[in-house]
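User: I would like to learn how to read the features of a structural model, one at a time. Could you take me through this one, giving the general idea before the particular case?

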Amino acid sequence: MTWKSIEFNERFLASWISSFALCVVFIAPIGGIIAMLIHKALAAILPNISKVKMNVIFGLCMAVTMESIMAVITTINTNGFSDWNSLAAVWATTLLAALPIGIVFSVIVSLIIKPKLEVMLAE
């Protein structure tokens, strides 16, 4: 996301480190809450869907939500907050660049790790 926001230049490493730190500070505390809300919403909307399908849809929803938040944080951190049009354009570019990786990662996590955590927490 940082690379798409500012390209690779002398500011890249410092911008990447600060964007990463800000994302961790914002995403880590709210990620669990967002996951719980998405899971409850999907369970209410799709009560009769199979567990595998539910986990795939959950992974897609989580990827879009979390990547959107991280794209906002990275865009504001690297480009400032002065112009809404520029902010929206850079946000969309960074989101679209990172979303495929986020989707793959999130679906894998929701299909492999999430079920194992649910079993572990149920015991």
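Analyst: Accessible areas here come from the Shrake-Rupley method with a 1.4 Å probe, and for residues only the protein chains shown count as cover; in this case the chain exposes about 7,800 Å², of which carbon and sulfur atoms supply 76%. This is a predicted model, in which local features need pLDDT of at least 70 and side-chain atom pairs count only at pLDDT 80 or more, while totals for chains, interfaces and linings use all residues. Residues are numbered from 1 along each chain as its sequence is written, and side-chain values use heavy atoms, with hydrogens and water left out.

User: How many helices and strands does the chain have?

Analyst: Helices (H or I, at least four residues) and strands (E, at least two) are DSSP runs, numbered from the N terminus. The chain has four helices and zero strands, giving the pattern α-α-α-α along the sequence, and its C-alpha trace spans about 50 × 25 × 20 Å along the principal axes.

User: What span does α3 reach from its first C-alpha to its last?

Analyst: The expected span of a helix is 1.5 Å times one less than its number of residues. With 29 residues, α3 reaches 41 Å, close to the 42 Å expected, and just after α3 comes Gly80, with a positive phi of about 80 degrees.

User: Which of Ser19, Ser68 and Ile112 are buried, and which partly exposed?

Analyst: Buried means under 20% relative accessible area, exposed over 50%, and partly exposed in between (1.4 Å probe, protein chains only). Ser19, in helix α2 (residues 12–45), counts as buried because its relative accessibility is 2%, and Ser68, in helix α3, counts as buried at 17%. Ile112, which lies in helix α4, is partly exposed, with a relative accessible area of 47%. Over the chain of 123 residues, buried residues make up 31%.

User: Which residues does Ser68 touch, leaving out those up to four places away in sequence?

Analyst: Contact means heavy atoms within 4.5 Å, and on that basis Ser68 touches Ala63, Trp91 and Leu95. Among contacts in the chain between residues at least 6 apart in sequence, 70% join residues at least 24 apart. Separation in sequence can also be set beside distance in space: Ser19 and Thr78 are 59 residues apart along the chain, with their C-alpha atoms separated by 7.6 Å, whereas Ile112 and Asn77, 35 residues apart in sequence, are 33 Å apart, C-alpha to C-alpha.

User: What volume does the largest pocket have, and which residues lie nearest its centre?

Analyst: On a 1 Å grid over the protein atoms alone, a pocket is an open set of points with protein on both sides within 12 Å along at least five of seven lines, and lining residues have an atom within 4 Å of a point. The largest pocket has a volume of about 700 Å³, the volume being the space filled by probe spheres set on the points. It is lined by 28 residues, with Ile27, Met66, Glu67, Met70 and Phe105 nearest its centre. Two or more lining residues come from each of α2, α3 (51–79) and α4 (84–122), and α4 gives the largest share, 12 residues.

Note on methods:
1 Å grid on protein atoms, 1.4 Å probe; cavity = no way out; pocket = protein on both sides within 12 Å on 5 of 7 lines; lining within 4 Å.
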